[in-house]
Amino acid sequence: MGEIQCQGCGAVIQTTNPEEAGYAPASALEREDIICKRCFRLKHYNEVQDVPFQDDDFLEMLNQISDTKGLVVQLVDIFDFNGSFISGLKRLTGNNPVILVGNKMDVLPKSVNHGKVKHWLKRSAKENGLEVEDVYLISAEKNQGIQQLSQAIEQYREGGDVYVVGTTNVGKSTFINTLISNTSGVKDAITTSYFPGTTLGFIDIPLDETSSLYDTPGVIQRHQMAHYVSDKDLKLITPRKEVKPKVYQLNEEQTLFVGGLARLDFETGERSSFVCHFSNELNIHRTKLEKADELYENHLGELLSPPDPDTMTKLPPLKGHTLKIKEDKTDIVFSGLGWVTVPEGGITVTAHVPEGVKVSLRESLI
Ligand code: GDP
């Protein structure tokens with residue numbers, strides 16, 4: 001038998017190792033258009049499997065955009081900018097214009113200023129080497145901001161193609177489905193109907209006679225919090241409703257645990273409030289700094305949960321990042337979890353997160 005390539009991603013089809021690229025069950029070989037299991041799931045269930053592909057393969061796929069002309073729409077999760085921003089996008093997509101879209105705005109607390117969120121997204125993209133044409137905030141799920149974004153896409157694409165890119169879990173499928181449903185009335189288009197895969201491994205959704213919107217595979221960021229936790233814990237840490245800020249007044253040498261997934265030590269400074277913005281389901285536990293290590297060692301997964309037992313098997317150890325906060329109204333951002341706002345500068349904190357997960361400071365969004 002000669003070599004057969006997957007019609008979706010181009011990997012050589014093999015039937016022996018489900019963990020490797022190009023795996024398809026033997027029964028799939030009887031079909032006409034053979035696609036690997038991964039592309040099959042992506043196409044039919046919109047499920048992205050993490051295992052068979054290395055990040056490089058995805059990036060290589062996206063790199064093909066640089067040889068074409070079109071508008072790139074990059075989706076990021078507002079709660080996980082660092083985990084959901086595709087670094088190197090500029091190199092991957094060449095000179096094509098990029099619109100940055102912050103998704104999941106529906107869970108932002110009311111107190112958050114949307115202008116500041118946009119400003120922060122734009123600046124963060126720039127710090128990561130990407131100049132964007134514009135920034136939009138949407139809720140793909142609640143159909144907010146989509147109309148404005150559609151108009152911008154129409155304007156910027158100048159009759160050309162559109163490539164929607166994003167890491168897994170940013171809401172890319174939800175977004176494309178909402179977009180299609182708004183224009184055609186068809187619900188859940190990419191999960192239920194069959195859009196052909198292209199040789200680039202993208203899903204091709206016609207916009208008009210000459211141009212298409214392409215859904216590209218979700219890029220996997222290894223250090224995304226979402227990959228370190230069980231499905232059950234992911235549901236818990238992902239805000240589903242508007243986040244209700246929780247305020248703690250702390251003296252120095254006190255610690256807040258965010259479940260057992262992150263920890264914030266107030267090292268030095270005047271008594272201060274710490275306004276926590278995390279999923280409403282996530283428990284915050286306050287303790288003395290001197291007791292924090294012991295508490296973590298003895299009560300992880302119990303008093304300090306999540307992690308559940310499944311998450312505990314894959315969660316990297318916590319790593320501390322000491323931050324001197326100079327400015328008033330600063331957010332300490334725990335990528336993929338949420339953030340803590342401190343109203344006044346002049347304090348030092350240590351933020352602990354699973355190794356690889358990013359902690360950063362930004363001007364408060366409030
Ligand atoms: P994809 O992997 O990028 O295709 O992401 P999905 O479309 O499968 O969405 C990932 C998760 O984010 C799902 O649990 C969605 O329900 C959720 N999600 C998507 N869009 C939104 C949104 O606008 N707001 C909120 N709160 N959740 C969203």
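Trainee: How far apart do the C-alpha centres of domain 1 and domain 3 lie?

Mentor: This is a predicted model, where local features need pLDDT of at least 70, side-chain atom pairs count only at pLDDT 80 or more, and totals for chains, interfaces and linings use all residues. Residues are numbered from 1 along each chain as its sequence is written. An automatic or database domain assignment sets the bounds: domain 1 is 1–51, domain 2 is 54–221 and domain 3 is 228–363. The C-alpha centres of domain 1 and domain 3 are separated by 41 Å.

Trainee: Which residues of H5 are buried?

Mentor: H5 is a helix, meaning a DSSP run of H or I with at least four residues, numbered from the N terminus. Buried means 20 or more other C-beta atoms within 10 Å of a residue's own, exposed means 12 or fewer, and C-beta atoms are placed from the backbone. On H5 the buried ones are Trp-120, Leu-121 and Ala-125.

Trainee: Why do the buried residues of H5 line one face?

Mentor: Look down the axis of H5 and take the directions from the axis to the C-beta atoms. The buried residues line one face because they fall within an arc of 130°.

Trainee: Which exposed residues does the face of H5 turned away from its buried side carry?

Mentor: Turn to the face pointing away from the buried side of H5. The exposed residues there are Gly-115, Lys-126 and Glu-127.

Trainee: What phi does Gly-129 have?

Mentor: Gly-129 follows H5. Its phi is positive, near 85°.

Technical notes. Helix = DSSP H or I, 4+ residues; strand = E, 2+ residues; numbered from the N terminus.
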